[in-house]
Amino acid sequence: MQEESKTALFENIPIPRAVAKLAVPTIISSLVMVIYNLADTYFVGMINDPIQNAAVTLAAPVLLAFNAVNNLFGVGSSSMMSRALGRKDYETVYRSSAFGFYCALFCGLLFSLACTIFKMPLLKLLGADVDTLAATADYMKWTVNFGAVPAILNVVMAYMVRSEGSSLHASIGTMSGCLLNMILDPIFILPWGLNMGAAGAGLATFLSNCVAFLYFLVLVFVRRKKTFVCILPQKFCLRKEIVLGICGVGIPASIQNLLNVTGMTILNNFTAGFGADAVAAMGITQKINMVPMNIAMGLSQGIMPLVSYNYSSGNHRRMKETILFTAKVCLGFIVVVVAGYYVGAGPLITMFMDNEVIVAYGSRFLRGFCIGLPFLCMDFLAVGVFQAVGMGKEALIFAIMRKILLEIPAIYILNALFPLYGLAYTQFSAEVVLAAAAVIVLGRLFKRMEKEKAN
């Protein structure tokens with residue numbers, strides 16, 4: 001009965017309902033890190049100190065690097081679990097979740113240790129200077145040095161819970177931390193509270209991630225007889241098929257994220273050359289732009305279990321209809337957002353910092369960034385499908401194309417042609433090419449599945 005109730009979502013429920021049930025909680029979960037950062041940026045911005053705001057911006061690549069581990073063991077394990085569910089191979093589901101959990105725990109500890117030992121070289125690499133060094137270090141002490149393990153594990157566990165269709169529980173866990181963060185931020189950051197500035201934002205984030213992680217531990221324990229997510233040490237193993245199955249999807253997804261970190265670090269370093277005001281404006285712009293980005297990403301990741309299950313079970317028609325329905329919904333939403341961002345760029349920046357110079361910078365940045373969103377939407381959807389069906393090679397190729405071949409070179413070229421403001425159009429220039437490639441590769445996947453069905 002338990003197995004039938006869990007598979008009904010993948011096999012019988014109408015596609016719009018199934019997508020909504022999986023994707024809406026996943027979108028909320030995907031927005032959590034952005035909301036954490038938006039809350040930090042908003043409340044730090046209330047101090048009206050560009051240096052404190054710049055500290056949150058400069059530390060962002062390190063927090064984004066957490067997603068390299070999240071993708072390796074979260075995306076990799078959840079894809080493996082959903083495919084095993086489609087084959088009714090429940091032992092592989094249990095062992096895949098245990099493998100993902102304990103590897104994520106080890107990597108989180110290693111990440112924290114490395115960032116603590118190499119703190120000063122890391123801060124300089126991020127673009128911190130004499131003015132922003134201390135504030136950036138204070139923010140990272142809580143979010144990275146102490147906070148890497150709970151930040152990584154609560155996201156990885158959300159992926160695994162979501163892989164069996166329990167998207168609501170995944171969202172409750174991540175949102176509990178998010179809501180706590182928004183409550184604690186003003187208390188820790190603002191002068192009427194503890195007046196800790198950027199350091200207070202970091203402490204609030206750390207405590208919130210601990211609460212979210214604790215929720216998932218309690219959830220797995222309470223539902224231990226009803227869930228396929230297993231973190232028992234005895235289920236951890238290094239079986240070749242499990243390691244290769246998880247890493248085959250997870251490593252390309254992880255590399256994709258590391259390349260994103262590299263791109264953001266390079267972008268911040270270029271922006272830092274124009275002063276703290278430019279860095280603060282770029283940071284605010286990136287966080288505003290990340291809201292629709294993460295909605296598109298959450299939608300593409302939310303349908304992954306549905307795509308994985310139907311691909312493995314041979315129901316290719318349902319899989320294809322799911323992808324096409326998601327593409328229509330996502331593109332329609334993003335086009336509306338782009339129009340709103342382009343027209344309302346100034347007021348949006350002002351919400352976070354009412355500084356004339358920063359608003360002037362940020363308005364032009366946001367208009368440049370937002371026009372790339374519709375193309376980014378197609379790229380995310382294609383990569384999500386590749387990860388869902390085990391096409392790790394294609395996902396890796398897209399990641400390399402996005403950053404190494406397109407976006408990073410565009411940063412150098414556009415900044416040389418249009419100093420500072422050209423940086424805002426690097427995403428657009430890369431994603432136009434990738435969106436076209438995504439349509440071509442997805443078309444070939446559909447044709448291949450039709451041939452397999454005919455044979």
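## Helix 3 against helix 7

At what angle do helix 3 and helix 7 pack, and how far apart are their axes? In this predicted model, the angle is about 20° and the axes are 8 Å apart. Helix 7 covers residues 148-163. Helix 3 covers residues 50-86. Two numbers are used here because packed helices are described by the angle between their axes and the distance between the axes.

Angles under 35 degrees count as roughly parallel. Helix 3 and helix 7 are therefore roughly parallel to each other. Their crossing is right-handed.

## Who meets whom

Many side chains take part in this contact. From helix 3 come F66, V69, N70, N71, F73, G74, V75, S77, S78, M81, S82 and L85. They meet A148, A151, I152, V155, V156, Y159, M160 and S163 in helix 7. What classes of residue make up the contact of helix 3 with helix 7? There are 13 nonpolar and seven polar residues, and no charged ones.

## A look at S77

S77 is one of the helix 3 residues in that contact. Is S77 buried or exposed? S77 has a relative accessible area of 0%. Buried means under 20%, so S77 is buried.

Which residues does S77 touch, leaving out those up to four places away in sequence? The answer is L72, S96, G100, M160 and I246. Of these, M160 belongs to helix 7. S96 and G100 fall within the residue range of helix 4, 90-117.

## Helix 12 against helix 13

Now take a second pair. Helix 12 spans residues 304-313, and helix 13 spans residues 316-343. Their axes come within 8 Å and cross at roughly 155°. That angle makes helix 12 roughly antiparallel to helix 13. The crossing is left-handed.

L306, V307, N310 and Y311 are the helix 12 residues in this contact. Across from them, helix 13 supplies H316, R318, M319, T322 and I323. By class, the contact has five nonpolar, three polar and one charged residues.

## Salt bridges in helix 4

Side chains of opposite charge can pair when their charged atoms come close. How many salt bridges does the structure hold? It holds five.

One of them joins R95 and E91, with the closest N and O atoms 3.0 Å apart. Both residues lie in helix 4. They are four residues apart, about one turn of the helix. R95 is buried, with a relative accessible area of 14%. E91 is partly exposed, at 30%.

## Salt bridges around R402

D379 and R402 also meet through their side chains, in a salt bridge of 2.3 Å from N to O. D379 lies in helix 16 (residues 373-388) and R402 in helix 17 (residues 392-417), so the pair ties together parts 23 residues apart in sequence. Both D379 and R402 are buried.

R402 forms a salt bridge with E431 too, and here the closest N and O atoms are 3.3 Å apart. Why does this pair tie together parts that are 29 residues apart in sequence? Because R402 lies in helix 17, while E431 lies in helix 18 (residues 426-454). R402 is buried, and so is E431.

Shared partners build a network elsewhere as well. Salt bridges that share partners join E91, R95 and K235 into one network.

Terms used:
Residues numbered from 1 in each chain as written. Predicted model: local features only at pLDDT ≥ 70, side-chain atom pairs only at ≥ 80, totals over all residues. Heavy atoms only, no water. Helix = DSSP H or I, 4+ residues; strand = E, 2+ residues; numbered from the N terminus. Buried < 20%, exposed > 50% of the residue type's maximum accessible area, 1.4 Å probe, protein only. Contact = heavy atoms within 4.5 Å. Axes fitted to C-alpha atoms, helices over the stretch in contact; angles between N-to-C directions. Parallel < 35°, antiparallel > 145°, perpendicular 65-115°, else oblique. Left-handed = near helix turned anticlockwise from the far one by under 90°. Nonpolar A, V, L, I, M, F, W, Y, C, P; charged D, E, K, R; others polar. Salt bridge = Lys/Arg side-chain N within 4 Å of Asp/Glu carboxyl O.
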